[in-house]
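Hi,

Here is the structure I said I would pass on. Have a look at it first, and then read my notes underneath.

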Amino acid sequence: SQNKVYLAVDLGAGSGRVLAGEFDGKHIELHELNRFENIGLELPSGSHCNVPALYQNILDGLRIAADRYGDAVISLGIDTWGVDYGLLDKDGRLLGIPYFYRDSRTQSMMEKAEQIVPKEKIYEATGIQFMFFNSLYQLLSEVEGRNSGLQVAEDLLFIPDLLGYWLTGKKVQERSIASTSQLYNPRKNDWDYELIEKFGLPKHLFKKLSDPGHVLGGLSEKVARRTGLNGTKVITVAGHDTASAVAAVPSQSATPAYLSSGTWSLLGLELPEPVINEQSLADGFTNEIGVGNTIRFLKNICGLWLIQQSRRYWRAAGEDIAYSKMAAFAAEAEPFRSFIDPDSPLFVEEGHMPEKIQQYCKKTGQAVPETKGQIIRCIYESLALRYAEVWQKLLEYTETPPKTLHIVGGGCQDKLLNQFTANALGMQVAACPVEATSLGNILVQMMNDGAIKDLQEGREIVLNSSLVERYEPEAQEAWAAQRDRFADVISGTARSE
Ligand code: LRH
């Protein structure tokens, strides 16, 4: 009999893709149907996300799926980066082009929010890490600016919900993506209406939440005609990409440890219940919602953004260097020359990354990296040492420390960084799968379809479908010394949570 095919639409802040997962009863084989860049729109009103262009690219991917797989396509699911959203009027029309989270409109909104509700109270209610771009601060900037869209909006849809609406005509707010807003209460399993009211946000925008694994609807007639897909259902998967990625972590542990490595590095544990207390607030840990209402207890660390931005800088100067080449440069450079704090506010905004890294090193009295290799090595080692710092803290939250850290996502292709991570943490690292996000997206569709009974079974299928590479810690004495040096270097500099 024919294999079943599930489609995953997976959009990151940097790029998007449509993939097909073919399931033969034992393994999932992924095929990329369409890959495209997620290019922001710089307009007089700010930095926007070109959702209409993403939508066209999704439709192109679906057409390819129809040509290639026809009736074998069972369903599709959509996941995207967190926090961003669109507002709709009473007729379902988009009110303005959605903003990109790095837009400067959230400047000083965190302080503003804390004047209205104390930081401790916001954390107590939501358990979410304070990041300047959370939907809360984006929405607060709209309240402050008396944004006309917000005043007439009938619906607020996060990006995966919005794209799902365009495909099906059905509107929902899905729980995992809603939990990234910092307006969701993981203990009440609902929006925190008290916060919503205190911040002056229209209450009617926060509706009944839907869980991953339900049928959103069939493709609208228009979409079916345009793509040639008939009878394909859209399933509400874990709309937050990180939630989908963690769903596919091939771990057998009771509290799986993962590093979802992309533009951001999300390092944490999967826990059954939220952990919201003074210590987790001080440590800056977040409690996002996963498949099956699990908790992603993790920290957002500035990740490959540093590498992506450096690459872009050199490309603008006329040198297009592949990521593999960048890693090769780093491998040849002298070890432990200088460190940065990846989470310094200096690196948050776009542009001039290598120069900013040099500035940081100069300011902290270190050797200034000059060559590309020195700069990239500085990023890699600093990332690994930052992971180690966060890992030490994470260990305080579990009585059964996992023996392996699973690195998933695009960043797990970077062998040098994987090895550095094993060295810095002093533990085994298992790298794979690269496309964890799409696999997690597909697993939820398979649960809906009855092809698998639960996530546990799904994770076993992922393990059987991928080639996991293991890295054992090396050079432990040298790295232990560098952990202390790293702590000294960064101790005097500011940190954005
Ligand atoms: C990763 C991610 C992360 C969020 C950020 C906005 O793509 O979803 O989990 O914090 O983007």
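One term before we start: I call a residue near the ligand if its C-beta atom, placed from the backbone, lies within 6 Å of the ligand. Keep in mind, too, that this is a predicted model.

With that cut-off, how many residues surround the ligand? There are 13, and the closest are W81, G82, D241, T242 and W264. By type, the shell splits into six nonpolar residues, six polar ones and one charged. Two elements, α10 (241-247) and β16 (264-271), each give at least two residues to the shell around the ligand.

Now for the annotated domains. An unreviewed UniProt entry puts "domain: Carbohydrate kinase FGGY N-terminal" on residues 5-246. In the model, that stretch is 34% helix and 27% strand, and the C-alpha atoms at its ends are 21 Å apart. The unreviewed entry also lists "domain: Carbohydrate kinase FGGY C-terminal", for residues 257-447. Here the chain is 45% helix and 18% strand, with end C-alpha atoms 23 Å apart.

Next, a sheet to trace on screen. It is open and has six strands, in the order β3-β2-β1-β6-β14-β13, with mixed pairing. Which strands sit at the edges? They are β3 and β13 (214-218), each of which pairs on one side only. On average, and ignoring direction, neighbouring strands of this sheet are turned by 25° against each other.

Inside the sheet, β6 (residues 73-80) runs parallel to its partner β14 (residues 233-236), and three bridges join the pair. For one example, go to S75: its bridge partner in β14 is K233. Helix α1 (residues 51-69) packs on this sheet, where it touches β1 (4-11), β2, β3 and β6. The direction of α1 makes about 145° with that of β3.

Last, a single residue to look up: G25, which lies in the loop between β2 (15-23) and β3 (28-37). Is G25 buried or exposed? A residue counts as exposed if 12 or fewer other C-beta atoms lie within 10 Å of its own. G25 has 9 within 10 Å, so it is exposed. Along the chain, G25 and N3 are 22 residues apart, while their C-alpha atoms are separated by 7.9 Å.

That's what I have so far. Shout if anything is unclear.

Cheers

Conventions
Residues numbered from 1 in each chain as written. Predicted model: local features only at pLDDT ≥ 70, side-chain atom pairs only at ≥ 80, totals over all residues. Helix = DSSP H or I, 4+ residues; strand = E, 2+ residues; numbered from the N terminus. Nonpolar A, V, L, I, M, F, W, Y, C, P; charged D, E, K, R; others polar. UniProt positions renumbered as here; feature names shortened; annotations may be inferred. Buried ≥ 20, exposed ≤ 12 C-beta atoms within 10 Å, placed from the backbone. Pairing = 2+ DSSP bridges. Axes fitted to C-alpha atoms, helices over the stretch in contact; angles between N-to-C directions. Contact = placed C-beta atoms within 7 Å.
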